[in-house]
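Visitor: Hi, can you walk me through this one? I'd like to ask as we go.

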Amino acid sequence: MSLFVEVALPVPMRQNFSYQVPEHISITPQKGMRVQVPFGRQQLIGLITAVTDTCSLTPKQIKPIVAILDTEPLLPETLYKLTAWAARYYFCSLGQMLSQAIPVALRKGAEVKASNISFWTLTQAGKEADINQLNRAPAQRKLLHSLRERDLELSEITSLDLSKAAVKALDDKGWIEKKTRILESDLSWRNALEMTEEPHRLNPEQAIAVATLTQQSGYHCTLLEGITGSGKTEVYLAMLETILRKGKQALILVPEIGLTPQTINRFRRRFNVKVAVIHSGLTDNQRLDAWRQAKSGEAAIIIGTRSALFTPMLYPGVIILDEEHDASFKQQEGVGYHARDLAVMRGHLEQIPVLLGTATPSLETLQNALNGRYQHLHLGKRAGAAEKVRQGIIDIRNQPLRSGVSHALLNEMRIHLDAGNQVILFLNRRGFAPALICHECGHLHECDRCDAFFTVHQALGEIRCHHCSNQYAIPRQCHSCGSTMLAGQGVGTEQLASFLEKEFPNHPVVRIDRDTTRNKGSLESHLNAIHKGEYKILVGTQMLAKGHHFPDVTLVGLLDVDGALFSADFRAPERFGQLYTQVSGRAGRATKPGTVLLQTHQSDNAMLRELMHKGYGEFARNQLFERTQALLPPAWHMVLIRAEAHQAIDADNLLSQIGALLPQDDECEVIGPMPAPLDRKAGKYRRQLLFQTKNRNRLQAEFERALPQIEQLPLAKKCRWSIDRDPQDLL
């Protein structure tokens, strides 16, 4: 009897493919196993979605599979159901969604089970060595200190941001050696949980939150809305203790790779258990090792960014999303899934609690909490002795500015720096200047591939487009009139840091943005230096706003508030409210009182006043009311169809044809086609079409009905187009 399999492949075609199982293959195929199959002129690895003994294709059309790569299904049933649900929800192929859920190494055909694992351990000489010999080699000292606590696997060297050069130096000294051991899952943590740190005493609000969270069983989703510095992490730790004592695992998602080292260290200090780390900064094999440890139950805690959501757990216990409002939980390239929404769905499928923690909840989460779908817990007081910050506005109308900084802010900085404290200046614009202008004719140098100006990067000696990465050496003459009088227009973080170094020569300045943290480990080393007090002035973009704890920062200055107040994106007010609240939360987090100052030309702006006087909670509720009145998400549900083409008319015509296939009535709305806010990018014209419905199920049904017709349109093959469900960024 012939046997056939349906296979999901990582291709954009919304269908599965049929193959025959040759008789010489002895492994019995099962749903969820990987198979290697011929596809066109190449061979691909896909997952079996069904096994049948009949096939509608003719014998000439059907090809045999090359090999079955597994002896058992790769994903547990719950994760398989999650990917199937997500593929339908985000209108992509099951193969595309499954490829998001599987580590890259497994997609390339790696073994699921490893036979042994390599680790670094101390030699006898290393155990006896005097650590003070390494006072002038801090990276080696840190590594030796870590190895005196326990052996470190190769992946942990990267995840803890330990220096590879330090590894080589200690190896050359003969103080450490690499060993391998047979990989056997150590599940001893499930029987006896070891605490390596005494839990902090909880304040009444924290204690109520922990008691509420630990008394429930099965699936429930909870929003933990706590002001910045209120001790949300301490609530996570207390909840984790209960989960781990039951012998269950925890999955913790954080928005940025930069937050993982401090999060890992916080959990490792408290619990003596295996912590697996999964993020894009690790190699494929390191991520696979962490995936294996989670799947086998050896890793009690799994910490990672968005992609870690799909990590299988043998003993699922809880899913925690820290900073749930963060836009980086939404994938922008390829399949546009949202890790928060899928985490909630995964909790529902696995019947485990989901905890969403933030000081500034997204309006989607807030609406679910207010209408009773999610439980809602509050932390309104700062933990320990931390006081509420003092807030103020600096009206810069008619005021002279030096590199974007007013005299009032400079004077305030001097007061805080002279007292021995640290200062953060926040400017969400990297580079030296946002544009290059000719002083004689006023010509602004614009990217030749985008509708955007070049940003000047003085230190790199180049002008660069931040949308398509187009770059040139800084021109010596104006492209329009030939004048040599060229100057940077506006202020970026590079120029601001350079100005402050001259203005405050006795106070070291550090700049934290995507340009200065590009190299591996550079963000972690900057953050360590800040904690040691080596830098007194911190200049940065929104990377500085996310969850960092700087006890000596007492002044936070926001320089360019006006740029964030006005935008073509309906989410701009919500984003600004979150950003302002998060940045403000970096001030006065320990015993020292904090101050936050805003520079603006719009000192009487109603939104600013509301945020400062009433706080994010009331501001967000008013935004929610406005969105409901305007029939915008989360009140209505949205799909954004993007199209781009070398000829604008092609993109326009395609979206017009798509719009004609979608209904328009009291509960459905089609908006567009219209140019994207950045009309031309990387040489292509960009157009957008919005489809909104009052009811989520109606949107699903109508779009699923129209999708096959859309794919048959001749222009759909001429333009590049994509579907973004629940879009977070309209730019």
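Visitor: Which residues of helix 21 are buried?
Guide: This is a predicted model, to begin with. In helix 21, the buried residues are Leu699, Gln700, Glu702, Phe703, Ala706, Leu707 and Ile710.

Visitor: What do they pack against?
Guide: They pack against helix 1 (77–89), helix 20, strand 30, strand 32 and strand 33.

Visitor: Where does helix 21 have a kink?
Guide: At Ala706, shortly before the proline Pro708. The kink is about 35 degrees. Ala706 is also one of the buried residues.

Visitor: And what caps its N-terminal end?
Guide: Asn695 caps helix 21 there. A side-chain oxygen of Asn695 lies 2.7 Å from the backbone nitrogen of Asn697.

Visitor: New topic, the sheet. What is the strand order?
Guide: The order is 31-32-30-33. The sheet is open, has four strands and pairs them antiparallel.

Visitor: Why is one side of strand 31 and of strand 33 left without a neighbour in the sheet?
Guide: Strand 31 (668–681) and strand 33 (720–725) stand at the edges. Each has a single partner strand, so one side of each has no neighbour in the sheet.

Visitor: What about twist?
Guide: From one strand to the next, the twist averages 20 degrees.

Visitor: How many bridges join strand 30 to strand 33?
Guide: Six, and these strands run antiparallel. Arg642 stands opposite Ser722 in strand 33.

Visitor: Which strands does helix 20 lie across?
Guide: Helix 20 (residues 648–661) lies across strands 30, 31, 32 and 33. Helix 20 runs at about 15 degrees to strand 32.

Visitor: And helix 21?
Guide: Helix 21 lies across strands 30, 31, 32 and 33. Its angle to strand 33 is about 165 degrees.

How values were computed. Residues numbered from 1 in each chain as written. Predicted model: local features only at pLDDT ≥ 70, side-chain atom pairs only at ≥ 80, totals over all residues. Heavy atoms only, no water. Pairing = 2+ DSSP bridges. Helix = DSSP H or I, 4+ residues; strand = E, 2+ residues; numbered from the N terminus. Axes fitted to C-alpha atoms, helices over the stretch in contact; angles between N-to-C directions. Contact = heavy atoms within 4.5 Å. Bend = angle between axes of the 7 residues up to and from the residue. Buried < 20%, exposed > 50% of the residue type's maximum accessible area, 1.4 Å probe, protein only. Polar contact = N/O pair within 3.5 Å; in protein donor to acceptor, adjacent residues only side chain to side chain.
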